[in-house]
Amino acid sequence: MVVYALVATFLPVIWVLHRIFAIPAHLRHLPTVPLWPWVWSYLTAKPDSYRCQRFLLPMRDERGEGLIFHHILMNHGKFVKDYPDNDTMFIQLIGTHSVGLATGDDWKRQAPIVKQAFSLPVPIPAFVALVRSAIDVVKHTTTVTHDQGQGQEDAPTHTVRWSELAQRIALDGLGIGLIGHNFDAVRTRSSFVEDYNKLMPALASPPYVLFPRLERLLPRPEVRARMDRFVGSLVHLLHAKRDNPGDDIMTFLLNNKELSEVELRDNMVTLFIAGHDTTAGAMASFMYFLAKRPEIQQACRSEVLRVLGPTADPTQAILGPDSLPYLHACIHETMRINPPASFVVSRAAQTDVVLDRYLVPAGTPLVPNIHAMHHSARVWDEPEVFHPERFLDANGGAADLRAGATSSSSGGWMPFVTGPRKCPAQNFALYEMRTIAAMFLREFEWTLPKGSIHENGIQNSFFAFSLSMPYDLDITFRPLRQEGESGAA
Ligand code: HEM
């Protein structure tokens, strides 16, 4: 009797799971990852980098992945962005009418406007002021330790949860660049920042990501309320911008009469979400790799001190890749080895198509994987090694990116992807990162604290929606000069 009851209970569950996850008959000729370990990796909240290393990279030697990757991204009319249905709260948050998810004529109308907005001068002086605040926060952090190592007798050091501070810096950077608003997240805790910080992990909860319908079966009113409050705050700022225009991105978009109210709302939220954890992830990873490689950190610092001097404010001209090629190379190498977005929104082929040697039926979701591309031994020499020099030319200048790859046909470096739908904010993000990196290099030396969970390799948190962000990353900073001193060591 008990056996019958168990069978009657579990058979339907197994049947439903099979229906959800089984590979459809028309796709069974394609190579596959092991299904259940893959699903399990989501349920146990493993990061994308783990899935890529464990399941995708072992398949790489068989595939012409670079060419397929390029082909899909360059032909965005044939491979159209294809996102999950509106059941996911994440899609409800960012909306479907922004440049990020629009397709066809809607995208063609919006893309040039957004691109033009990002060609406005990057607000370097405001970034500089922001980084000064962050430096101040580090220096006044209460977890001061005394480091007796490296000949620096009893030098005070400050151990900071850098993965969080990087997020707060990124939020303020976006506030400044997008709406000319200072959230002051670096120094203060506001309900807006709290809502935002709690919202994203809730939306990325593994069961809800795997089974979006749970949102209907087991609704989460507190998460929805948080989301509504967060969006309400952004919309409020957007409306206030009409009466108080500036030289920021949203003012530019508001002045363009071609964007509807809903498009403005969706773009505002999308730009925030698209720009926040990506930039924070890149900055967190940068500190990590330079903490692990003090000789690279020192070479970077020497370049910054030589070009920028010990105290002058960085300017846009001086922060360019040609002035600081080694710093530029370190940031590029960081974003190669731990790309902040590990894969892109899926694309659906509009007709049956042959990719490499496989027939892919129309409508099949295709997800180019940036992490796999960046770790392909067919594209990169020693892909697992942090080696910034791959982005320098023979004279030590900033190399053409394609020269970083051993196979020039594949391009290789793609944290912002490539093609018509590449990230419009690449320049904005790179200038912001160079400002932060240059000013921190001048101010501090840094290491991983003893016992760091990242000692044997960077640990990314589970973050649905493709983001790679080191978690609980503490960094120990040692000031290179005392208050009031004018030069770095
Ligand atoms: C290190 C920082 C960043 C990285 C690594 C990054 C990466 C990417 C990637 C990989 C895509 C392509 C997504 C896809 O096709 O599915 C993308 C698109 C996009 N990004 Fe970024 N991004 C960064 C910063 C930003 C910032 C700061 C903003 C805005 C303030 C932004 C706004 C956008 C938008 C609007 C798109 C969609 C473009 C389109 O579909 O036409 N990103 N980004």
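Mentor: Let's begin with a term: a contact means heavy atoms within 4.5 Å. This is a predicted model, where local features need pLDDT of at least 70, side-chain atom pairs count only at pLDDT 80 or more, and totals for chains, interfaces and linings use all residues. Residues are numbered from 1 along each chain as its sequence is written, and side-chain values use heavy atoms, with hydrogens and water left out.

Trainee: Among contacts between residues at least 6 apart in sequence, what percentage join residues at least 24 apart?

Mentor: Happy to help! The count takes in contacts in the protein between residues at least 6 apart in sequence. Of these, the share joining residues at least 24 apart is 74%.

Trainee: Which residue is the only protein donor of the iron atom of the ligand?

Mentor: Donors are N, O and S atoms within 2.8 Å of the metal (3.2 Å for Na, K and Ca); water is not among the atoms, so sites may look incomplete. Here an SG atom lies at 2.4 Å from the iron. Its residue sits in the loop between α17 (370-374) and α18 (426-443), helices being DSSP runs of H or I with at least four residues, numbered from the N terminus. The donor is Cys423.

Trainee: Which ring has the charged end of arginine 51 over it?

Mentor: A charge sits over a ring if NZ of Lys or CZ of Arg is within 6 Å of the ring centre and within 35 degrees of the ring normal. Arginine 336 does this with tryptophan 380, 5.3 Å from the ring centre. For arginine 51, at 3.7 Å from the centre, the ring belongs to tyrosine 42.

Conventions: Helices (H or I, at least four residues) and strands (E, at least two) are DSSP runs, numbered from the N terminus.
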